[in-house]
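Hi,

Here is the structure I promised to pass on to you. Have a look at it first, and then read on for my notes.

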Amino acid sequence: MKNILVTGGLGFIGSHTCVELMNSGFNPVILDNLSNSEIWIKDRIEKIANQTVSFYNGDCRDEQLLDTIFSNESIHGIIHFAASKAVGESVLEPLKYYNNNLGGLTSILEASKKHNCLNLVFSSSCTVYGTPDSLPVDESAKIKTAESPYGTTKIVCERIIQDLSIADSTFKSILLRYFNPIGAHETSLIGELPLGVPSNLVPFITQTAAGHRNSLTVFGDDYNTKDGSCVRDFIHVTDLAKAHIKALEFLLNKNEGICETVNIGTGNGNTVLELINAFEKVSGKKLNYSIGDRRSGDVEAVYADASKSKELLGWEAVISLEQALLDAWNWQQSLEVN
Ligand code: WQD
């Protein structure tokens, strides 16, 4: 069984990816510093997969720890999730973001070269497109100046990996540009655990429906879209997790160096108001919401041209928006009883 180092493996996307790795016969080795995750998620991953996982509590910037992991475990590939990801916080604490996100990546890359582990799947984001010149947006679209230090770290991290690929023709990597991940595992054993007041839409909706928040504010209904609210490409986290397995298998089957960027989205755009309606339908709950001002930095509309993922990796999203919202709601309800 091939060991795969999963940094940030107890986070939202990381935990779902660990489950899918095990479903596909890989053995995840998790490195997570618990800065935005909970240790009990490890037990949940093990419960779903009915298998134990190796876990290292620590930071990607800890070179000694990386040496220990690469020496103890025979690592065949790396999926690098670990990063700070709150857009608003990144504006207030830019150095934290540059240090953690850039430092974490360069440290992982140094270790991977030192230990001759040349397969890397990296978590990037559609944020690199900013406001795209045309929609759906494909991978050849222009990279825009980011609206936040968080966004800048994703652009720079992509560039670091691309530069390494130029310098080392044996290095193999796939940069996955995620659109908007939502939902939770179908078992309701793992899901998103936002710290404090959620800034992302779906956790805010489920917490409002559960009574933890009074009301959701829709940030703007005067955009140039069909109902005036922003358009996003919402993708189920399980679909997204499965894309990582396809990307990893693609790299493991390649004999020469490669560096590809791939959109991971559904190819469909939905407005914020459409999402709220769909949530009300599947949950049977009336959501308390009002229309507010636009949020600064928000892109009017973005959704993926999802053809490259299908052609290159043989992956496409299959889970519906309704199912994703139902899974998110079931997960929220499971948190109420625990
Ligand atoms: C979606 C839509 C909001 C909350 C961000 C990052 C991105 C990625 C995912 C990281 C927008 C609207 C939201 C609310 C609202 N990265 N909204 N009321 O901004 O598309 O993407 O998260 O982890 O890089 O930029 O996602 O979920 O915050 O917002 O009306 O209370 O919902 O205006 O149109 P976003 P989001």
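How do the residues of the shell around the ligand divide into nonpolar, polar and charged? There are eight nonpolar, six polar and four charged residues in that shell. Before going further, please keep in mind that this is a predicted model.

**The ligand site**

The ligand has 18 residues around it, and those that come nearest are Leu201, Thr217, Phe219, Arg232 and Asp298. Strand E8, which covers residues 216–219, supplies the largest share of the shell, with four residues.

You will probably want the polar distances too. A polar side-chain atom of Asp298 sits 2.5 Å from an oxygen atom of the ligand. For Arg295, a polar side-chain atom is 2.9 Å from a ligand oxygen. Leu201 takes part through its backbone instead, with an N or O atom 2.8 Å from an oxygen atom of the ligand. As for cover, the ligand on its own has 690 Å² of accessible area, and the protein covers 88% of that.

**The nonpolar cores**

The largest nonpolar core is made of 36 residues, and Leu21, Ile45, Ile174, Leu176, Ile264 and Leu313 have the most contacts inside it. Several elements give two or more residues to this core, among them strand E1 (2–7), helix H1 (12–23), strand E6 (172–178) and strand E11 (258–264). Helix H8 gives the most, with eight residues.

Leu176 is a good place to start browsing. Leaving out residues up to four places away in sequence, Leu176 touches a list of residues that includes Val121, Phe122, Ala243, Ala247, Val262, Ile264 and Leu313. Another core, of 25 residues, lies apart from the largest one and includes Leu102, Leu109, Ile161 and Leu175.

**Helix H2**

H2 (40–49) is also on the list of elements that give two or more residues to the largest core. Its buried residues are Ile41, Lys42, Arg44, Ile45, Glu46 and Ala49. These buried residues pack against H1, E2, strand E3 (54–57) and helix H11 (321–337). Right after H2 comes Asn50, which has a positive phi, near 55 degrees.

**Lys226**

Lys226 is in the loop between E8 and strand E9 (231–232). Is this residue, Lys226, buried or exposed? Lys226 has a relative accessible area of 68%, so it counts as exposed. Apart from neighbours within four places in sequence, Lys226 is in contact with Thr271 and Glu274. With Glu274 there is a side-chain polar contact of 2.6 Å. If you would like a distance across the model, the C-alpha atoms of Lys226 and Asn100 are 39 Å apart, with these positions 126 residues apart along the chain.

**Backbone points to check**

Two more residues have a positive phi without being glycine. Asn116, with a phi of about 55 degrees, belongs to the loop between helix H5 (94–114) and E5. Ser188, with a phi of about 60 degrees, belongs to the loop between strand E7 (180–182) and helix H7 (201–209). Asn116 counts as exposed at 59% relative accessibility, whereas Ser188 counts as buried at 14%.

Finally, the peptide bond that joins Leu135 and Pro136 is cis, with omega about -5 degrees. Pro136 is in the loop between strand E5 (119–125) and helix H6 (149–167).

Happy browsing, and best wishes!

Note on methods:
Residues numbered from 1 in each chain as written. Predicted model: local features only at pLDDT ≥ 70, side-chain atom pairs only at ≥ 80, totals over all residues. Heavy atoms only, no water. Near = heavy atom within 4 Å. Polar contact = N/O pair within 3.5 Å; in protein donor to acceptor, adjacent residues only side chain to side chain. Areas by Shrake-Rupley, 256 points an atom, 1.4 Å probe, with all protein chains shown as cover. Nonpolar A, V, L, I, M, F, W, Y, C, P; charged D, E, K, R; others polar. Core = buried A, V, L, I, M, F, W, Y, C linked by side-chain atoms within 4.5 Å. Buried < 20%, exposed > 50% of the residue type's maximum accessible area, 1.4 Å probe, protein only. Contact = heavy atoms within 4.5 Å.
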